[in-house]
Amino acid sequence: MAVLSISNAHLAFGHVALLDGANFALETGERVGLIGRNGTGKSSLLKILAGIDKLDDGLLQLQQGLTSVYVPQEPDLRPEATIFEVVSEGVAEAKALRERYERHDENDDLAWVQERIEHIGAWNWEQRVDETLHRLGLDGERIVGSLSGGLKKRVALGRALVAQPDVLLLDEPTNHLDLDAISWLEGLLNDFKGSLLLITHDRAFLDNVANRIVELDRGQLRGYPGNFAAFQAAKQYELENEALANARFDKLLAQEEVWIRKGVEARRTRSVARIQRLEAMRLAHAARRDVQGKVRLDIDTGQSSGKIVAELENVSKRYGDRTIVNDFTATILRGDKVGLVGANGAGKTTLLKLILGELQPDSGAVRQGSRMTVAYFDQMRDTLNLDATLADTISPGSEWIEIGSQKKHVKSYLGDFLFSPARANSPVRSLSGGERNRLLLARLFARPANVLVLDEPTNDLDIETLELLEELLADYDGTVFLVSHDRRFLDNVVTSTIVNEGEGRWREYEGSVQDWLIQSKRAAALQAKQAAAAPAPAPAPAPAPAPVVASPKRKLSYKEQRELDEMPERIAALEAEQAVLNGLLNGAELYTQGAARIAEVTERAAAIDGELLLLMERWEALDAR
């Protein structure tokens, strides 16, 4: 049963139609991930569903008595208030009703007030707030203005959850949250009993939370059952079919345009119905909204740095009584792609500055490599002049820009990042958050650099741009330092991970975040096993019969254990590919693509069956050991 819905919805921003006859319904208990390109209108849609903004045309329907709470990207919190006071705003009605009842105002209908208090559970609103603060790990006495961005996001979520709404609307809830906080939020939302609609570009978060994906694409809302991985497989198949249909339509239109211009012979045989069909096709072609182009990214590494980028030996750094880095040793080589992982405030930026020589250690030695050219991506966008134009931001005082040996007009270069030529002279302040991040990337890649420092580059970037940025960084010849809480992005880019393990201790792990998690869990399990097996004082044992010697199980090697851990993901990927191929084989479109394509799909579908069988057998063999 739908708790809210929109029908034939229209919404425009200037000449751009954000919603163009769109339809959407949120069912009871659903957890829907809303995705789409930056600037397509996702946040606007969320505000409409929250009752903050209105549609230009169309129908918004809400279930009678529905309560919903909207948490924006940057929540508006009273800086002078305590956390308890701000979270209590979520139960404002309960507070007001109980105060009315306790005043015993003669003008009040106390019977109705008491009935309403019992209906919404207003007698114990303080207990509800305290329980929510405990679940969120928040100290109710702290002043909101002194909190970090991540803690402010928790306070906003607490204010929403304490209201116990039927519908929760969240806009980029993982922004400013570290990895532990994101995992905590996943559990919180999976336990939420109401309906959930959230905007996020965190693919791992979508996989772990959403049970339906809705994409806002060219003014339409299209739903896909399952998580993000299922959406990707279905979307690829859909786009291939759309491209084929458009190609057939364009070919027929071109033939009809030739026919209409043939002259006397064609005019004698011209039919009214055929002319009308041509006019309808022209209108349909003009109204068609093709898939938006992709960002085209390239970067000039300039001169290569030396083989060693940085060497740190027993480095420590303190601020007052707090140790940020304690006895850290590492060697960073040219071409390394290093991810830095730690809670907000753990000191990731401080460690980066030590590595790059911008900060001197209190003890230990740091040696920087030679010929280093460093380019920074600034998390807070402080380096952007909001009054400057896009063109001046990229190439001050010149209409041309050089990328390696290639010379490009600045408008053409901005077009590579999906900025139209008409916007080249617009001020930076007119851009959305995602567009500002895209502009920062454009400026970053316009300058030669053999060391890239990316501090939270994924915030506000749409998923397609994220995937292209991953490809670029994977192919980049220089060295990358990446600070991010996007697990999927880190997994797809980094070759090693430096992790904060508390009290200023940092440790480098080979591989991605997933590798670190596997290694750390295995180390914790081994430590617990050793502790459990520690000898305890006991009386001298009586003589016992010789034990029966059993053949011991051989322990898995590190490589085998990693192979076993990756089995479910590999099997799921093959099954998703198999579903797409079976869809092609069962449909009609494949058989218009020629014998070679049909043979390719058929052979691959058969090969997957064999691969799945081998994987299952290998999984059983490893698991049995």
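Start by selecting Arg-487 and Glu-186 in this predicted model, where the two side chains form a salt bridge whose closest N and O atoms are 2.7 Å apart. Arg-487 belongs to helix 17, while Glu-186 sits in helix 7, which covers residues 179-191, so the pair ties together parts of the chain that are 301 residues apart in sequence. Are these two residues buried or exposed? Arg-487 counts as buried because its relative accessibility is 12%, under the cut-off of 20%, and Glu-186 is buried as well, with a relative accessible area of 9%.

Keep Arg-487 selected and add Asp-202, since the side chains of Arg-487 and Asp-202 also meet in a salt bridge, at 3.9 Å from N to O. This pair again links distant parts of the chain, with Arg-487 in helix 17 and Asp-202 in the loop between strand 7 (195-199) and helix 8, 285 residues apart. Asp-202 is buried, as is Arg-487.

Next, select Arg-218 together with Asp-217, which form a salt bridge with their closest N and O atoms 2.8 Å apart. Arg-218 is counted as buried at 14% relative accessibility, and Asp-217 is counted as buried at 13%.

For a further stop, select Arg-78, Glu-89 and Arg-159, which are linked in a network of salt bridges. How many salt bridges does the count come to? The count comes to 14 salt bridges. In general, side chains of opposite charge can pair when their charged atoms come close.

Now turn to the second largest pocket, which has a volume of about 1,100 Å³. To find this pocket in the viewer, select Asp-207, Ala-229, Arg-488, Asp-491 and Glu-569, which lie nearest its centre among the 33 residues that line it.

Which helices should be coloured to follow the lining of the second largest pocket? Helix 8 (203-209), helix 9 (228-260), helix 16 (463-475), helix 17 (487-493), helix 18 (513-532) and helix 19 (558-586) each supply at least two residues of that lining. Helix 19 gives the most, with 10 residues, and is therefore a useful element to display when looking along the lining of this pocket.

Finally, colour the lining of the second largest pocket by residue class, which shows 12 nonpolar, 7 polar and 14 charged residues.

How values were computed: Residues numbered from 1 in each chain as written. Predicted model: local features only at pLDDT ≥ 70, side-chain atom pairs only at ≥ 80, totals over all residues. Heavy atoms only, no water. 1 Å grid on protein atoms, 1.4 Å probe; cavity = no way out; pocket = protein on both sides within 12 Å on 5 of 7 lines; lining within 4 Å. Points joined across faces, edges and corners; volume = space filled by probe spheres on them. Helix = DSSP H or I, 4+ residues; strand = E, 2+ residues; numbered from the N terminus. Nonpolar A, V, L, I, M, F, W, Y, C, P; charged D, E, K, R; others polar. Salt bridge = Lys/Arg side-chain N within 4 Å of Asp/Glu carboxyl O. Buried < 20%, exposed > 50% of the residue type's maximum accessible area, 1.4 Å probe, protein only.
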